[in-house]
Amino acid sequence: MNGIFHYLVWRTTRNRVAGQLRQLRQPRYLAALVLGLGYLWVIVVQQRPTSLAAAGVEAGLVELLAAVAVLGAVLWSWIFGAERRALGFTPAEVTFLFPGPVSRRELIGFKLLKTQLVILLNAILWTAVLSRDRAGLSTWLRAASVWVLLTTLSLHRLGASFVRTSLREHGWLGLPHQAASLFVVTVVLAAAGWSIADAATAIAAGWSLGIAEFLGALRDAAQGTAPRALLYPFELVVKPVAVGTPGEWLRAMGPALLVLALHYVWVIRWDAAFEEAAAEASLRRAAALTDPRTGRIGGRAASRSTPRFLRLGTKGWSGGAIVWKNLLAAVRFRRVRGGAIALGLAAVLLAVLSFYGEGTLAELAGWFTLTWAGVVLVVGPQWVRNDLRSDLLMLDLLRAYPLRGSTVVSAEVMASASVLTALQLSLLLLTFLAFLGNQTLEPGLGARSALFLGALVSLPLLNFHSVLIQNGAALLFPAWVPLGRDRAGGVEALGQSMLLIIGSAVLLSAILLLPLAAGGAVFLVLRTHLGLWSLIPAVPAAAGLLVLEGAVIVRWLGRIFERTEPGAGLAVN
Amino acid sequence: MIEVEALHKLYGDLPAVQGLSFRVGPGEVLGLVGPNGAGKTTTIRSIAGIIRPTQGRIRIAGHDLGVDPVPAKMALAFVPDEPHLFEYLTVEEHLRFVGRLYQVPEVAQRIPAILEEMELAARGGALPGELSRGMKQKLAIACGLLHSPKAMLLDEPLTGLDPIGIRRMKATIVRRAEAGAAVILSSHLLHLVEEICTRVLILNHGRMLALGTVGEIVAARADLAGRPLEEVFLALIGHGESDA
């Protein structure tokens with residue numbers, strides 16, 4: 001049976017790549033390929049090698065940071081999960097394989113085989129990046145280390161998805177079957193929580209002193225018994241990537257392979273839970289096949305009520321209907337009212353806490369929310385995809401609507417940009433309130449107020465352009481940009497995601513160049529009189545130019561939308 | 001009124017539609033028939049503004065689709081063979097969405113009536129994932145009818161409907177035509193075409209083989225006198241003898 005799976009994966013991949021290469025007959029795809037290869041060359045190959053030692057970072061510390069990052073990724077998959085991606089099968093695979101004479105174990109094997117394609121691509125990317133930084137270890141050995149790390153993480157994510165889905169489906173009845181897994185996860189979570197709480201004050205103090213002090217505090221915190229035990233298995237899988245000589249590599253590879261093998265056994269023995277979990281996730285992924293009786297999509301029951309602020313008026317801009325539809329999709333399966341209440345309570349609590357004691361808890365929360373606001377700003381445009389990246393799959397319908405192309409593009413982009421902006425402003429509000437009572441922090445309260453007001457104006461525009469770039473890519477290269485609500489995810493796809501983020505950031509920088517120059521000029525001229533408050537006139541100046549640029553790009557993409565024909569080899573996730 | 005003049009559509013070097021011209025007046029139901037790959041869907045998608053003709057002109061309710069696409073599409077309803085629905089919108093929300101899109105006045109008053117007409121009144125709060133194939137099709141049709149279009153393009157509209165639904169849908173199409181809509185209906189169900197279409201357009205290899213009432217088409221071929229549309233169709237596309 002393995003032969004038929006290899007055949008399916010190989011032919012599917014070959015045909016998909018061939019189809020994408022055929023697009024190179026079109027000049028825009030060819031130009032994109034040349035630019036993309038040049039970009040990869042600059043990012044991966046042409047970067048001047050920098051030794052970590054020269055940068056003053058010890059190898060042990062790198063290992064520790066990598067282990068902490070891997071621990072974070074693992075905890076993330078347990079707490080937040082991503083069943084739809086981890087267990088994703090296409091509707092055709094569900095139709096042919098699930099009722100076919102295929103054992104559950106073989107299905108898991110097929111799933112792992114498919115995952116290997118993404119892992120291998122990302123292993124190559126990471127190897128290229130890491131090999132710049134290391135001497136003494138061949139590229140092949142480095143690639144093998146990265147492959148072991150990514151495969152272990154991928155297996156872990158799959159196993160976590162099995163446990164989570166099985167628990168969700170069977171509730172308390174499923175507990176005995178997952179007792180061992182849940183015990184380990186609970187111990188790890190408890191140890192992580194205890195370690196963080198124990199070291200929080202020292203790490204926060206280190207952070208306020210500088211990066212070197214922060215890293216020192218982190219290293220000291222990792223020396224405790226609980227953190228060392230907690231990080232030990234993660235260091236085992238990270239170590240082969242971090243070592244510098246073939247001898248060290250050989251010694252490190254044994255334990256890493258053992259961890260990988262244990263994960264394989266853990267996942268493969270889940271055969272009973274796998275079929276129902278994967279079928280459930282895949283069928284919901286293919287919404288057309290959703291069980292009509294349950295009305296559950298993506299594992300969550302849909303709320304039928306429409307939030308009051310999202311009622312659609314009968315009159316007004318026609319594009320508003322598309323904005324409304326996409327916003328509704330974004331909030332339909334999330335508890336908006338509960339979230340708003342929690343946000344309000346957190347805001348009051350943080351504001352009060354910021355005035356009491358040394359405000360360590362409020363400060364930690366403030367840095368945390370600020371960091372997340374930054375993460376959402378950078379990564380958010382790839383996460384929130386209720387726009388053309390989803391709707392191009394229904395291009396027939398969109399094209400039949402009585403709307404100009406530019407209206408469709410702007411409405412689609414507006415929805416995702418609004419969701420991102422709401423998220424970022426909520427996080428920034430919490431940050432602002434967490435430092436409200438802080439008298440020592442620089443910049444001071446007045447300047448922070450000005451920055452927050454500036455964010456109110458600039459974030460919607462910034463997000464609009466960030467999402468516009470993603471939508472523009474989907475419109476210009478529909479055969480290359482995967483469409484659908486799911487993006488390629490997981491740690492195994494981190495290399496691809498990073499390249500996309502950097503590429504988008506470069507494009508965004510190019511768009512921002514002129515507005516920032518204009519806004520900067522206004523700021524510099526008025527700064528001597530108004531201080532940081534000169535941001536208030538500077539931001540609108542920059543914003544005006546950004547709006548103008550946005551209008552031009554939307555108009556251009558609108559014309560491309562009007563020329564895009566359904567069936568032009570859309571890349572479906 | 002739907003007017004098509006010298007419509008050509010090429011996919012690369014492959015001609016999908018070649019020199020097609022016809023018009024459908026208010027109150028008319030034109031049946032578009034032809035074997036697989038004849039160019040029916042390409043014709044309908046060109047008229048719906050989904051794909052751009054390589055050559056030719058299309059006018060909907062007097063508006064040139066190439067020059068003035070928004071008013072042209074405002075007068076048009078397109079119901080595809082596969083119902084494309086938004087998985088996060090309920091049945092009623094789909095209609096509200098379409099109402100805003102087409103600027104339908106008094107949409108709140110129209111929705112209950114159209115849900116009743118499509119037998120979806122009890123499913124107004126359901127998501128597409130909770131609907132059967134036939135119900136999804138009915139919802140897609142309801143979305144098409146909400147703005148009382150002057151021109152309707154129906155691509156295999158009865159797919160997935162049960163016998164009662166088929167009967168109701170046929171009555172709906174006829175009623176809309178009688179109310180003044182110009183309707184183009186593409187279908188492989190020749191008895192349906194024969195039953196509700198006022199004229200028939202037979203396509204093969206992207207070219208028009210015949211256009212007229214069934215009686216007119218039969219009259220043009222003495223050897224087919226008195227034969228049903230199915231046999232006329234098979235004879236015209238060259239399968240009459242071998243398959244009989």
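Reading burial and contact in a predicted model

Trainee: Where does Ile4(A) sit in this predicted model?

Mentor: Ile4(A) has its place in helix H1 of chain A, a helix made up of residues 2-22.

Trainee: Why is Ile4(A) called partly exposed?

Mentor: Ile4(A) has 13 other C-beta atoms within 10 Å; a residue is buried at 20 or more and exposed at 12 or fewer, so Ile4(A), with its 13, falls in between and is called partly exposed.

Trainee: How far apart are Ile4(A) and Phe110(A), in sequence and in space?

Mentor: Ile4(A) and Phe110(A) are 106 residues apart in sequence, while their C-alpha atoms are 9.6 Å apart in space.

Trainee: What makes Ile184(B) a notable member of the largest nonpolar core?

Mentor: That core has 143 residues, and Ile184(B) is among the four that touch the most other members, together with Ala142(B), Leu153(B) and Val183(B). The largest share of this core, 16 residues, is supplied by helix H18 of chain A, residues 405-434. Leaving aside residues up to four places away in sequence, Ile184(B) touches Ile2(B), Val24(B), Leu30(B), Leu32(B), Ile44(B), Ile47(B) and Leu153(B).

Trainee: Which residues does the second, separate core include?

Mentor: This core of 40 residues includes Ile119(A), Trp147(A), Ala242(A) and Val243(A).

Trainee: How many residues does each chain bring to the contact between chains A and B?

Mentor: Chain B brings 30 residues and chain A brings 28. On the side of chain B that touches chain A, helix H3(B) gives the most, with five residues, and the residues of that side divide into 16 nonpolar, eight polar and six charged.

Note on methods:
Residues are numbered from 1 along each chain as its sequence is written. Chains are lettered from A and ligands numbered from 1 in the order in which they are written. This is a predicted model: local features need pLDDT of at least 70, side-chain atom pairs count only at pLDDT 80 or more; totals for chains, interfaces and linings use all residues. Two residues are in contact if their C-beta atoms, placed from the backbone, lie within 7 Å. Helices (H or I, at least four residues) and strands (E, at least two) are DSSP runs, numbered from the N terminus. Ala, Val, Leu, Ile, Met, Phe, Trp, Tyr, Cys and Pro count as nonpolar, Asp, Glu, Lys and Arg as charged, and the others, Gly among them, as polar. A nonpolar core is a set of buried Ala, Val, Leu, Ile, Met, Phe, Trp, Tyr and Cys residues joined through C-beta atoms within 7 Å.
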